[in-house]
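Visitor: I would like a close look at the pockets of this protein, with a little of their surroundings. Could you walk me through them?

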Amino acid sequence: LEKIGRLQKALTCIEQCRKPVIAAIHGYCLGAGLDMVTACDVRLCSRDAVFALKEAAVGFVADVGVLQRLPLIVGQGMARQMAFTAGNIDASHAREMLLVNEVLDDREALDQRAEALAREIAANAPLAVQASKAVLNYGVGKTIAEGLQYVASLSANIIPSEDLLEAFTAFMEKRPRRFKGQ
């Protein structure tokens, strides 16, 4: 029980990281790999990616987070089918079922897209990106009213910010934004 708890915490720290985490998946994504990518914020894969929840085929229950996170990503029906059948899901089907956000042609294209996406995210105001992640994470399993109360509290603590002023100033001056995370 203690060992499983440590493994769960190791993957939960990915989910709780203040910064967005992008998973770039190629080849087989099974077991702990699937647990890990479901804790990430964005999942990209190459065409050769294969996903499976194989635990039922080898005689145990997935116990470090995939059964809790996967239904939030792909819905109960698909998560249950994956858990009960232990069947393989190819990249195209993974995209159709929303397990991944994008499918790239090969590993090189995957790596380039993951880096471009990271740079696109990093170009935005750090406080706003981190707050957005906090609000999205908080809202899981909560009512809309609870989520609204949380975001109002969070927003009241970060507005106004230097980054917000910088965004307006940069727009007015027609220049690139230079966020400081303050």
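**A close look at the pockets and their surroundings**

Guide: Happy to. Let me start a little way off, on helix α9, which spans residues 144-158 and holds Val151. Please keep in mind that we are looking at a predicted model. With a relative accessible area of 32%, Val151 is partly exposed. Together with Ile144 and Leu148, Val151 makes up a nonpolar patch on the surface. The accessible area of these three residues comes to about 300 Å² together.

Before we turn to the pockets, here is the overall frame. The protein chain has 182 residues, of which 33% count as buried. Its secondary structure consists of 10 helices and 6 strands. Taken along the principal axes, the C-alpha atoms fill a box of roughly 60 × 40 × 30 Å. For a sense of distance inside that box, take Thr169 and Leu67: they are 102 residues apart in sequence, and their C-alpha atoms are 46 Å apart in space. Thr169 sits in helix α10, residues 162-173, and counts as partly exposed because its relative accessibility is 26%.

Now to the part you asked about. Rolling a probe the size of a water molecule over the atoms shows where empty space is left. The largest pocket has a volume of about 640 Å³. It is lined by 21 residues, and those closest to its centre are Glu15, Cys40, Asp41, Asn137 and Val140. Four elements give two or more residues each to this lining: α1 (2-16), β3 (42-46), α4 (66-74) and α8 (126-139). The largest share comes from α8, with 5 residues. If you sort the lining of the largest pocket by residue character, you find 10 nonpolar, 6 polar and 5 charged residues.

Helix α8 also takes us on to the second largest pocket, where it and α7 (107-122) each supply at least two lining residues. The space in this second largest pocket is about 160 Å³. Its lining can be followed along the sequence: Lys19, Pro20 and Ile22 come from one stretch, and Ala118, Ile121, Ala122, Asn124, Pro126, Val129 and Gln130 complete the list. By character, the lining of the second largest pocket divides into 7 nonpolar residues, 2 polar and 1 charged.

While you have the model open, two loop residues deserve a visit for their backbone angles. Ala86 is not a glycine, yet its phi is positive, at about 60°. You will find Ala86 in the loop that connects α5 (76-85) with β5 (89-90). Its relative accessibility is 5%, so Ala86 counts as buried. Leu98 also has a positive phi without being a glycine, with a value near 70°. The loop that holds Leu98 runs between α6 (91-96) and β6 (102-104). Leu98 counts as exposed because its relative accessibility is 52%, and the cut-off for that class is over 50%.

To retrace the tour on your own screen, begin with Val151 in helix α9, then go to Glu15 and Asp41, which are among the residues closest to the centre of the largest pocket. From there, move to Val129 and Gln130, which help to line the second largest pocket. Finish in the loops, at buried Ala86 and exposed Leu98.

Terms used
Residues numbered from 1 in each chain as written. Predicted model: local features only at pLDDT ≥ 70, side-chain atom pairs only at ≥ 80, totals over all residues. Heavy atoms only, no water. Buried < 20%, exposed > 50% of the residue type's maximum accessible area, 1.4 Å probe, protein only. Patch = residues over 30% accessible without salt bridge, like charges linked within 9 Å, V, L, I, M, F, W, Y side chains within 5 Å. Areas by Shrake-Rupley, 256 points an atom, 1.4 Å probe, with all protein chains shown as cover. Salt bridge = Lys/Arg side-chain N within 4 Å of Asp/Glu carboxyl O. 1 Å grid on protein atoms, 1.4 Å probe; cavity = no way out; pocket = protein on both sides within 12 Å on 5 of 7 lines; lining within 4 Å. Points joined across faces, edges and corners; volume = space filled by probe spheres on them. Nonpolar A, V, L, I, M, F, W, Y, C, P; charged D, E, K, R; others polar.
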